[in-house]
Amino acid sequence: MSCWPEAGCVTVRMTREQYILATQQNSLPRTEHPQFYPVGIYGWRKRCLYFFVLLLLVTMIVNLAMTIWILKVMNFTVDGMGNLRVTKKGIRLEGISEFLLPLYVKEIHSRKDSPLVLQSDRNVTVNARNHMGQLTGQLTVGADAVEAQSKRFEVRATESGKVLFSADEDEIVIGADRLKVTGTEGAVFGHSVETPHIRAEPSQDLKLESPTRSLVMEAPRGVQVNAAAGDLKATCRKELHLQSTEGEIFLNADTIRLGNLPVGSFSSSSPSSSAPRQTIYELCICPSGKLYLSPAGASSTCQSSSNICLWS
C-alpha cells in the first residue's frame with residue numbers, strides 16, 4: 001500500500017505467505033467445546049424392535065411346521081393329493097370318497113378289476129340337464145323305490161343292442177323273445193291285452209281267469225284254441241253260448257256226448273209198472289232250440305213228450 005508522505009500515511013507491507021496463514025486461522029472451527037450427535041436406535045425402541053423380529057421369526061417357523069404337517073397328513077405328492085391322482089385322462093380316486101356338495105362330471109367309471117359303488121344314507125339321484133339347465137332326465141334310488149323320470153326309458157341287450165324293454169307315455173314295449181311270469185297269482189291286466197300267442201311252459205297248465213268279471217277273446221280272423229295232447233274244457237256256472245252270426249258251428253269227433261239233458265215223458269194216464277228199463281232215447285229239439293231226450297219207440301216220440309218245451 002502506498003500514499004503521499006504529506007498525508008501522514010503509514011506504509012504496511014505483508015507478504016503472501018503471511019496473508020494465507022492469517023486467512024486459514026480465521027476459517028478453522030473452534031474446538032474448545034465439541035458437540036456429539038448419537039446415530040441409531042437405543043432404549044425401549046431397540047427392545048421393541050428385537051421383540052417384533054423374534055415374534056416374526058417364531059411365526060415363520062410355526063407356519064413352516066404347519067405346512068409340512070399338512071403336506072404329510074394330506075399325502076401331497078407330485079401326482080396329486082391322498083387318494084386323488086391327476087392323470088392325463090382326468091382325475092382318479094382310489095378307495096372310498098365322500099362328496100358333501102353336488103358333483104358335476106362328464107364321465108365316471110371304475111377300474112377294470114373292481115365295481116363302481118354309489119352309496120348314500122338317504123338316496124342316490126342322477127340328474128341330466130340340457131344346455132338351458134332344465135331337467136330332462138332323473139334316476140332316483142331310494143330306500144322304498146327306484147324312480148326314473150324321462151321322456152322314454154329303454155333297456156337294451158349288451159351284445160346285440162336290441163331293445164328289451166321300453167316305456168313312454170303312449171306304450172310299453174317288451175322286446176324279449178319270451179316273457180315269463182313266475183308269480184303264484186299270475187299276471188293281472190287292468191285293460192285289454194293284445195298278443196299273437198299265449199303258451200304255457202312244457203308240462204304246465206295254461207289258465208285264463210277273470211274272478212269277478214267276464215273274459216273276452218276277440219280276433220278279426222278267428223280264435224283258435226288247441227290242446228294237442230290233452231283235454232279242452234270250458235266250464236261255466238250259468239250259460240255257455242256258442243254263436244256264429246254268419247257261419248256254422250261244426251263239431252267233428254268220433255263221439256259226441258251231451259250229458260244231463262232233460263228227459264221227456266209220455267202223457268199216458270195209466271203207465272205200466274212192469275215196463276222194461278229205457279236204455280235208448282231219441283234226441284229232440286224244441287222250437288226255442290232247447291235239446292231234450294225222449295224215450296225211443298217204434299216211431300218218433302218227440303211229439304208225445306214235448307211237454308218239456310213248455311218251460312223252456
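This report describes the secondary structure, one sheet and the surface of a predicted model.

The chain contains two helices and eleven strands. Along the sequence, their order is α-α-β-β-β-β-β-β-β-β-β-β-β.

One sheet can be described strand by strand. It is open, consists of three strands in the order β4-β5-β6, and has antiparallel pairing. Its edge strands, each of which pairs on one side only, are β4 (124-129) and β6 (146-149). From one strand to the next, the twist averages 10°.

Strands of a sheet pair through backbone hydrogen bonds, in either a parallel or an antiparallel way. The two pairings in this sheet are listed below.

| Strand pair | Bridges | Direction |
|---|---|---|
| β4 and β5 (residues 135-141) | six bridges | antiparallel |
| β5 and β6 | four bridges | antiparallel |

Individual residues place these pairings in the sequence. Valine 126 has leucine 139 of β5 as its bridge partner. On the side of β6, glutamate 147 stands opposite threonine 140. The connection between β5 and β6 is a hairpin of four residues.

The remaining values concern the whole chain. Of its 312 residues, 6% are buried, that is, they have under 20% relative accessible area. The exposed area of the chain is about 31300 Å², and 55% of it comes from carbon and sulfur atoms. For contacts between residues at least 6 apart in sequence, 13% link residues at least 24 apart.

Technical notes: Residues numbered from 1 in each chain as written. Predicted model: local features only at pLDDT ≥ 70, side-chain atom pairs only at ≥ 80, totals over all residues. Heavy atoms only, no water. Pairing = 2+ DSSP bridges. Axes fitted to C-alpha atoms, helices over the stretch in contact; angles between N-to-C directions. Buried < 20%, exposed > 50% of the residue type's maximum accessible area, 1.4 Å probe, protein only. Contact = heavy atoms within 4.5 Å. Areas by Shrake-Rupley, 256 points an atom, 1.4 Å probe, with all protein chains shown as cover.
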